[in-house]
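User: I'd like to go through the labels on this model and see how each one is earned. Can you take me through them?

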Amino acid sequence: MIEYRDYYADGRWLPATGGTQLTQYNPTSELAQSLLTVCSAADVAVAVSAARRCAPGWARSPLDERRRALRALQGAIAERADAFVKVLATELGVPVWVSRTMQLPMPLTNLERIIEGVDQITWREQIGNAAVEREPVGVIAAITPWNFPLHQIIAKLGGAIGAGCPAVLKPSEVAPSVARLFMEAVAEADLPPGLVNMVWGGADVGERLVASPGVDQVTFTGSTAVGRRIMGSAAASLTRVVLELGGKSASLILDDADLDAAIPATVRRCMVNSGQTCVAQSRLLVPRSRQAEVVQRVVAALAEWTPGDPTHADTRIGPVATRSQFGFVNQQIRQAKADGAALIAGGPGRAAGFDRGFFVTPTVFSDVTARMALATDEVFGPVLAVMPYDAEDDGIALANDTPYGLSGAVWSANPARAEAAARQIRAGQVIVNGAPSNYGAPFGGFGQSGFGRENGRFSIEAFLEWKSMPGVTWTS
Ligand code: NAD
């Protein structure tokens, strides 16, 4: 059993004094794997004070120094790539292949885009008689989830460092080994004391951090329910918030789409990381006349997604991360059956071939209608809803028939048609014809998927204030 007893503040490890411990389980073996000592209110105050002390100096730091800090952090993370791959598999059940192709490349590429972003910000401009400046907001509280734990930490802390802001991280209690490894990279990168601090704990510690008078802005990635609570408590002090929340993204297949490309790509974007991605394309919207053909292709594409041991090199899909997630996903599958959706593949229970572990069989339903829970609720598991539509406008309306608005996809052989449909979808990101991810472009949600944007220069912009000084003219 690994024990994590120390939190990180002011460039040092300090013993956490919260008194209680949280246990984390290996999702493949279901055995307890690590114990985490929770931080007390006093520990949170120590971490926030360290960040506050660092704030004025880092706000004035030259851009060269910020780029150097980000580059050092990137190097220290890259050096630990093998260790991250290992803990992502044992702690969260992430297959080695997913870590090598997504969990590691995403934050490393994003750091590259953030470093470039430092030069893309217009830090100063003259607007008539006013010298206008982008100023760092101050101390950032970053609260992150477990599904892409390193990526979400970097999207926030990379931006904070680039913006000139110190931060206190409260990583997910579900992924402590990833957070610990990240903080070892921070320690090695030799950043100024207090620039990056980290406290351990769950909801209580998160709430304390949000309510801390020393915090100027909260940046949160996680569920919509928790996002709502955070916004509520931040309102008391008018602390700024950025919220990256859940999703129920649609892949809209127009009637001229290349199904050979569209179907395997949508299945992949639904199933990868065991469906535990906020941008999971969990609704596949198809012309009613092509539903039968699509369903056949979906079943064929599932062959690639047979659950396996996440530590094996050829495994594409492992278990879901926690017992509660396993229970929730199964409950959603049972509910979809009860609601009358047609079960095409998979189903509830533990995947075949396993007598333990949180392995869900990749599951597909067709004939899912707009008011079924499977069409409206985020499952956060490997479950795809195939939903038929009639005219193209109906397909677009169905894509938008969700309180969320994080991501989506459009497929058409005609680029102009695809673009026109993409522009009508209410989401922060709409991927056309399977284009690869772009970490320089803004990422974030509409509606109940939250607000604010991350990645590249947008991760920096998230932590900048505007300041205007009429009567001043910039001389340099
Ligand atoms: P979660 O909301 O349960 O927890 C996220 C973080 O918030 C954790 O660190 C947790 O300890 C903390 N927390 C919980 N209650 C809190 C409270 N009351 N006050 C302050 N902090 C609190 O989410 P999760 O289960 O870790 O992650 C899954 C969710 O995250 C899904 O809904 C998913 O869609 C969403 N997500 C969104 C994005 C995005 O970029 N939009 C990315 C990844 C995941």
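User: What makes up the shell around the ligand, by residue class?

Analyst: Keep in mind that this is a predicted model. The shell divides into 13 nonpolar, 10 polar and 6 charged residues. In total, 29 residues surround the ligand, and the closest are K170, E173, S223, L245 and E378.

User: How do you know that K170 and S223 make polar contacts with the ligand?

Analyst: A polar contact needs a pair of N or O atoms within 3.5 Å. For K170, a polar side-chain atom lies 2.7 Å from a ligand oxygen. For S223, a side-chain N or O atom is 2.6 Å from an oxygen of the ligand. Both pairs fit the cut-off, so both count.

User: And what about L245, which part of that residue is involved?

Analyst: Its backbone: a polar backbone atom of L245 is 2.6 Å from a nitrogen atom of the ligand. As for cover, the ligand on its own has 850 Å² of accessible area, and the protein covers 90% of that. The elements giving two or more residues to the shell are α8 (203-211), β11 (217-221) and α9 (224-237).

User: Moving on to rings, how many aromatic pairs are there?

Analyst: The search of the whole structure turns up 6.

User: Why is the pair of Y4 and W200 called tilted?

Analyst: The ring centres are 5.7 Å apart, which is within the 6.5 Å limit, so Y4 and W200 pair. Their planes sit at 35°. Stacked would need under 30 degrees and edge-to-face over 60, so the label is tilted. The pair also links distant parts of the chain, with Y4 in strand β1 (residues 2-4) and W200 in the loop between β10 (196-198) and α8, 196 residues apart. Both Y4 and W200 are buried.

User: What makes W97 and W305 edge-to-face, then?

Analyst: Here the planes are at 65°, over the 60 degree mark, and the centres are 6.1 Å apart, within 6.5 Å, so the pair is edge-to-face. This one also bridges distant stretches: W97 belongs to helix α4 (residues 96-103), while W305 is in the loop between α11 (291-302) and α12 (323-338), 208 residues away. Both W97 and W305 are buried.

User: Which charged residue lies over the face of W97?

Analyst: That's R316, at 4.1 Å from the ring centre. There's another such arrangement at W13, where the charged end of R180 sits over the ring, 3.9 Å from its centre. Each distance is within the 6 Å cut-off.

User: Why does S366 count as buried?

Analyst: Buried means under 20% relative accessible area, and S366 has 4%, so the label holds. S366 is in strand β16 (residues 363-366), and its side chain makes a polar contact with the side chain of D367 at 3.2 Å.

User: How do you know whether L285 is buried or exposed?

Analyst: Its relative accessible area is 0%, which is under 20%, so L285 is buried. L285 lies in strand β14 (residues 283-287).

User: Last one: why is Y25 called partly exposed?

Analyst: Y25 has a relative accessible area of 41%. Buried would need under 20% and exposed over 50%, so Y25 falls in between and is partly exposed. Y25 is found in strand β4 (residues 21-25). From Y25 to S223 it's 21 Å, C-alpha to C-alpha, with their positions 198 residues apart in sequence.

Methods
Residues numbered from 1 in each chain as written. Predicted model: local features only at pLDDT ≥ 70, side-chain atom pairs only at ≥ 80, totals over all residues. Heavy atoms only, no water. Near = heavy atom within 4 Å. Polar contact = N/O pair within 3.5 Å; in protein donor to acceptor, adjacent residues only side chain to side chain. Areas by Shrake-Rupley, 256 points an atom, 1.4 Å probe, with all protein chains shown as cover. Helix = DSSP H or I, 4+ residues; strand = E, 2+ residues; numbered from the N terminus. Nonpolar A, V, L, I, M, F, W, Y, C, P; charged D, E, K, R; others polar. Buried < 20%, exposed > 50% of the residue type's maximum accessible area, 1.4 Å probe, protein only. Lys NZ or Arg CZ within 6 Å of the ring centre and 35° of its normal.
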